[in-house]
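I opened this entry to look up how one chain is put together. My notes follow in the order in which I checked things.

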Amino acid sequence: MMWQIEGRVLRGTLDRYRDNHEHPPDYLDFACGTGRVLGFVAPHTATAVGVDVSPSMLELARQNVPGVRLLEADLTHGETPLDGRHFDLVTAFRFFPNAEPELRRDAISALTDHLRPGGRLVFNNHRSLSSLRHRLVRLLTLGRRGHGGMSPDEVTELISEAGLEIETVSHAGVVPEYEWLLLRPRWIIEWLERLATRLPLARVAENLIYVCRKPVPEAHRL
(Lines give C-alpha, C1' and ligand atoms only; values in the text may rest on other atoms or scores of the structure.)
Protein backbone atom coordinates (compact mmCIF):
# COMPACT_ATOMS: atom_id res chain seq x y z
CA MET A 1 0.00 0.00 0.00
CA MET A 2 2.84 2.39 0.87
CA TRP A 3 4.67 1.46 -2.30
CA GLN A 4 1.61 2.21 -4.44
CA ILE A 5 1.49 5.75 -3.05
CA GLU A 6 5.25 6.22 -3.49
CA GLY A 7 4.93 4.92 -7.03
CA ARG A 8 2.31 7.56 -7.84
CA VAL A 9 4.70 10.29 -6.69
CA LEU A 10 7.49 8.87 -8.85
CA ARG A 11 5.20 8.57 -11.87
CA GLY A 12 4.07 12.16 -11.41
CA THR A 13 7.68 13.36 -11.23
CA LEU A 14 8.56 11.46 -14.42
CA ASP A 15 5.46 12.79 -16.20
CA ARG A 16 6.32 16.39 -15.32
CA TYR A 17 9.87 15.90 -16.55
CA ARG A 18 8.64 14.40 -19.82
CA ASP A 19 6.24 17.29 -20.34
CA ASN A 20 9.08 19.83 -20.10
CA HIS A 21 11.98 18.05 -21.80
CA GLU A 22 12.57 16.45 -25.17
CA HIS A 23 14.70 13.60 -23.82
CA PRO A 24 14.28 11.21 -20.86
CA PRO A 25 16.30 12.00 -17.70
CA ASP A 26 19.66 10.67 -16.62
CA TYR A 27 18.89 8.90 -13.36
CA LEU A 28 20.69 7.91 -10.15
CA ASP A 29 19.23 5.76 -7.38
CA PHE A 30 21.21 6.28 -4.16
CA ALA A 31 21.21 3.49 -1.55
CA CYS A 32 19.38 1.42 -4.16
CA GLY A 33 19.21 -1.74 -2.03
CA THR A 34 17.58 -4.62 -3.88
CA GLY A 35 16.48 -2.34 -6.72
CA ARG A 36 12.76 -1.84 -6.18
CA VAL A 37 12.73 1.92 -6.90
CA LEU A 38 15.48 1.56 -9.50
CA GLY A 39 13.52 -1.07 -11.41
CA PHE A 40 10.41 1.10 -11.38
CA VAL A 41 12.07 4.28 -12.65
CA ALA A 42 14.86 2.99 -14.92
CA PRO A 43 12.65 2.00 -17.92
CA HIS A 44 11.57 5.64 -18.24
CA THR A 45 15.09 7.13 -18.30
CA ALA A 46 17.89 7.68 -20.79
CA THR A 47 20.54 6.26 -18.43
CA ALA A 48 20.18 4.70 -14.99
CA VAL A 49 22.73 3.97 -12.25
CA GLY A 50 22.20 2.34 -8.86
CA VAL A 51 24.65 2.90 -5.99
CA ASP A 52 24.87 1.11 -2.66
CA VAL A 53 27.56 0.25 -0.10
CA SER A 54 26.24 -3.28 0.47
CA PRO A 55 27.54 -5.99 -1.90
CA SER A 56 24.80 -8.41 -0.80
CA MET A 57 22.08 -5.86 -1.64
CA LEU A 58 23.69 -5.18 -5.01
CA GLU A 59 23.77 -8.89 -5.77
CA LEU A 60 20.00 -9.02 -5.32
CA ALA A 61 19.62 -5.85 -7.37
CA ARG A 62 21.50 -7.47 -10.27
CA GLN A 63 18.88 -10.21 -10.29
CA ASN A 64 15.94 -7.81 -9.93
CA VAL A 65 17.13 -5.11 -12.35
CA PRO A 66 19.24 -6.81 -15.03
CA GLY A 67 21.01 -4.56 -17.48
CA VAL A 68 21.20 -1.51 -15.19
CA ARG A 69 24.61 -0.25 -14.12
CA LEU A 70 25.19 -0.96 -10.42
CA LEU A 71 28.07 0.43 -8.37
CA GLU A 72 29.38 -0.45 -4.92
CA ALA A 73 30.48 2.94 -3.64
CA ASP A 74 30.20 5.47 -0.82
CA LEU A 75 29.43 8.81 -2.44
CA THR A 76 30.09 10.69 0.80
CA HIS A 77 33.84 9.97 1.02
CA GLY A 78 36.63 10.65 -1.46
CA GLU A 79 36.63 10.02 -5.16
CA THR A 80 33.92 7.73 -6.52
CA PRO A 81 33.09 6.17 -9.91
CA LEU A 82 30.50 8.93 -10.35
CA ASP A 83 32.84 11.90 -9.98
CA GLY A 84 32.11 14.29 -12.82
CA ARG A 85 28.70 12.80 -13.61
CA HIS A 86 25.47 14.73 -13.19
CA PHE A 87 21.86 13.59 -13.27
CA ASP A 88 18.42 15.04 -13.91
CA LEU A 89 16.73 12.80 -11.35
CA VAL A 90 18.06 11.28 -8.12
CA THR A 91 16.09 9.06 -5.72
CA ALA A 92 16.99 8.02 -2.17
CA PHE A 93 14.32 5.95 -0.46
CA ARG A 94 14.48 4.59 3.10
CA PHE A 95 17.88 6.11 3.75
CA PHE A 96 17.78 9.48 5.51
CA PRO A 97 15.74 8.67 8.66
CA ASN A 98 17.92 5.58 9.25
CA ALA A 99 21.19 7.55 9.03
CA GLU A 100 22.99 9.58 11.67
CA PRO A 101 22.65 13.38 11.31
CA GLU A 102 26.21 13.88 10.01
CA LEU A 103 25.76 11.15 7.39
CA ARG A 104 22.44 12.69 6.32
CA ARG A 105 24.14 16.02 5.68
CA ASP A 106 27.07 14.43 3.84
CA ALA A 107 24.74 12.33 1.70
CA ILE A 108 22.37 15.10 0.63
CA SER A 109 25.34 17.35 -0.11
CA ALA A 110 26.87 14.67 -2.35
CA LEU A 111 23.57 14.05 -4.12
CA THR A 112 23.04 17.77 -4.68
CA ASP A 113 26.51 17.97 -6.23
CA HIS A 114 25.51 15.23 -8.68
CA LEU A 115 22.26 17.00 -9.65
CA ARG A 116 22.12 19.21 -12.72
CA PRO A 117 20.59 22.66 -12.19
CA GLY A 118 16.84 22.19 -12.35
CA GLY A 119 17.18 18.51 -11.47
CA ARG A 120 15.02 16.75 -8.89
CA LEU A 121 15.89 14.79 -5.76
CA VAL A 122 13.06 12.52 -4.58
CA PHE A 123 13.42 10.90 -1.15
CA ASN A 124 11.24 9.86 1.75
CA ASN A 125 11.13 10.08 5.51
CA HIS A 126 9.40 6.81 6.34
CA ARG A 127 9.87 7.30 10.09
CA SER A 128 8.37 10.71 10.71
CA LEU A 129 8.55 11.69 14.38
CA SER A 130 5.29 13.65 14.14
CA SER A 131 3.26 10.64 12.94
CA LEU A 132 0.34 9.17 14.85
CA ARG A 133 2.14 5.84 14.91
CA HIS A 134 5.28 7.28 16.50
CA ARG A 135 3.28 9.16 19.10
CA LEU A 136 1.26 6.07 19.96
CA VAL A 137 4.37 3.93 20.36
CA ARG A 138 5.96 6.53 22.66
CA LEU A 139 2.77 6.74 24.70
CA LEU A 140 2.24 2.99 25.09
CA THR A 141 5.89 2.32 25.98
CA LEU A 142 6.27 5.37 28.27
CA GLY A 143 8.90 6.79 25.92
CA ARG A 144 11.08 3.67 25.86
CA ARG A 145 10.51 2.98 22.17
CA GLY A 146 9.93 5.01 19.06
CA HIS A 147 13.40 6.58 18.81
CA GLY A 148 15.12 7.34 15.52
CA GLY A 149 13.59 8.89 12.45
CA MET A 150 13.25 12.57 11.58
CA SER A 151 10.74 15.29 12.25
CA PRO A 152 9.31 17.29 9.31
CA ASP A 153 11.21 20.34 10.59
CA GLU A 154 14.49 18.41 10.56
CA VAL A 155 13.87 17.33 6.98
CA THR A 156 13.06 20.89 5.91
CA GLU A 157 16.27 22.15 7.52
CA LEU A 158 18.30 19.40 5.84
CA ILE A 159 16.89 20.31 2.42
CA SER A 160 17.45 24.03 2.96
CA GLU A 161 21.06 23.57 4.08
CA ALA A 162 21.74 21.58 0.90
CA GLY A 163 20.53 24.51 -1.20
CA LEU A 164 17.48 22.67 -2.55
CA GLU A 165 13.87 23.84 -2.84
CA ILE A 166 10.89 21.72 -1.83
CA GLU A 167 8.59 21.31 -4.81
CA THR A 168 6.00 18.92 -3.37
CA VAL A 169 5.45 16.89 -0.20
CA SER A 170 3.20 13.82 -0.40
CA HIS A 171 2.27 11.53 2.45
CA ALA A 172 1.19 8.01 3.28
CA GLY A 173 0.68 6.01 6.44
CA VAL A 174 -1.77 8.12 8.43
CA VAL A 175 -3.44 5.07 9.98
CA PRO A 176 -1.14 3.91 12.84
CA GLU A 177 -0.42 0.30 11.88
CA TYR A 178 2.41 -2.07 12.75
CA GLU A 179 4.08 -4.90 10.85
CA TRP A 180 2.98 -7.30 13.56
CA LEU A 181 -0.54 -5.86 13.76
CA LEU A 182 -2.16 -5.09 10.40
CA LEU A 183 -5.67 -3.76 10.85
CA ARG A 184 -8.62 -5.52 9.20
CA PRO A 185 -10.51 -5.51 6.91
CA ARG A 186 -7.77 -4.38 4.56
CA TRP A 187 -10.08 -2.75 2.01
CA ILE A 188 -11.28 -0.28 4.65
CA ILE A 189 -7.71 0.57 5.73
CA GLU A 190 -6.63 1.03 2.13
CA TRP A 191 -9.68 3.23 1.44
CA LEU A 192 -8.87 5.35 4.50
CA GLU A 193 -5.26 5.74 3.37
CA ARG A 194 -6.27 6.75 -0.15
CA LEU A 195 -8.62 9.33 1.34
CA ALA A 196 -5.94 10.54 3.77
CA THR A 197 -3.49 11.23 0.92
CA ARG A 198 -5.96 13.82 -0.40
CA LEU A 199 -6.33 15.61 2.93
CA PRO A 200 -3.85 17.98 4.67
CA LEU A 201 -2.63 15.32 7.09
CA ALA A 202 1.10 15.26 6.32
CA ARG A 203 2.06 16.22 9.89
CA VAL A 204 0.53 13.02 11.29
CA ALA A 205 1.57 10.63 8.48
CA GLU A 206 4.45 8.21 8.94
CA ASN A 207 5.84 8.32 5.40
CA LEU A 208 6.52 11.72 3.81
CA ILE A 209 7.78 11.82 0.21
CA TYR A 210 9.69 14.94 -0.82
CA VAL A 211 10.33 16.16 -4.37
CA CYS A 212 13.12 18.76 -4.23
CA ARG A 213 14.51 20.93 -7.01
CA LYS A 214 18.04 22.21 -7.46
CA PRO A 215 17.74 25.90 -8.38
CA VAL A 216 18.98 27.09 -11.74
CA PRO A 217 21.65 29.80 -11.35
CA GLU A 218 20.65 33.19 -12.70
CA ALA A 219 23.38 33.05 -15.35
CA HIS A 220 21.90 29.80 -16.74
CA ARG A 221 18.49 31.41 -17.24
CA LEU A 222 19.75 34.07 -19.62
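I count a residue as buried when its relative accessible area is under 20%. The model is a predicted one, and I kept that in view throughout.

**Strand β7.** I began with β7 (207-213). In this strand 6 of the 7 residues are buried, so β7 is largely enclosed by the rest of the structure. I then looked up its partners. β5 (115-125) and β7 run antiparallel, joined by 6 bridges. L121 is the residue I found opposite C212 of β7. β6 (165-172) also pairs with β7 in the antiparallel sense, over 7 bridges. There I noted V169 opposite Y210.

**Helix α1.** Next I went to α1, which covers residues 2-20. I read a span of 28 Å from the first C-alpha to the last, close to the 27 Å expected for its 19 residues. Which residues of α1 are buried? I listed I5, E6, G7, V9, L10, G12, T13, L14 and Y17. I recalled that an α-helix has 3.6 residues a turn, so residues three or four places apart point the same way. I then asked what the buried residues of α1 pack against. I found α2 (36-41), β4 (87-92), β5, β6 and β7.

**Aromatic pairs.** I found 5 aromatic pairs in the structure. One of them is F30 with F95, an edge-to-face pair at 4.9 Å centre to centre, with 80 degrees between the planes. F30 sits in strand β1 (residues 26-30) and F95 in the loop between β4 and α4 (101-113), so this pair ties together parts 65 residues apart in sequence. I checked both for exposure, and F30 and F95 are each buried. Following the ring pairs, I got a cluster made of F30, F95, F96, F123 and Y210. I had already met Y210 opposite V169.

**Largest pocket.** Last, I looked for open space. Rolling a probe the size of a water molecule over the atoms shows where empty space is left. The largest pocket has a volume of about 820 Å³. It is lined by 31 residues, and I noted R133, E177, Y178, E179 and E206 as the closest to its centre. Which helix gives the largest share of the lining? I found that α5 does, with 5 residues. I also noted that α1, α5 (132-140) and α7 (186-196) each supply at least two residues of that lining. That brought me back to α1, whose buried residues I had found packed against β7, among others.

Notes
Residues are numbered from 1 along each chain as its sequence is written. This is a predicted model: local features need pLDDT of at least 70, side-chain atom pairs count only at pLDDT 80 or more; totals for chains, interfaces and linings use all residues. Side-chain values use heavy atoms; hydrogens and water are left out. Helices (H or I, at least four residues) and strands (E, at least two) are DSSP runs, numbered from the N terminus. The expected span of a helix is 1.5 Å times one less than its number of residues. Buried means under 20% relative accessible area, exposed over 50%, partly exposed in between (1.4 Å probe, protein chains only). Contact means heavy atoms within 4.5 Å. Rings of Phe, Tyr and Trp (its six-membered ring) pair if their centres lie within 6.5 Å; planes under 30 degrees apart count as stacked, over 60 as edge-to-face and the rest as tilted. Two strands pair if DSSP finds at least two bridges between them. On a 1 Å grid over the protein atoms alone, a cavity is a set of points where a 1.4 Å probe fits but cannot get out, and a pocket is an open set with protein on both sides within 12 Å along at least five of seven lines; lining residues have an atom within 4 Å of a point. Grid points are joined across faces, edges and corners, and a volume is the space filled by probe spheres set on the points.
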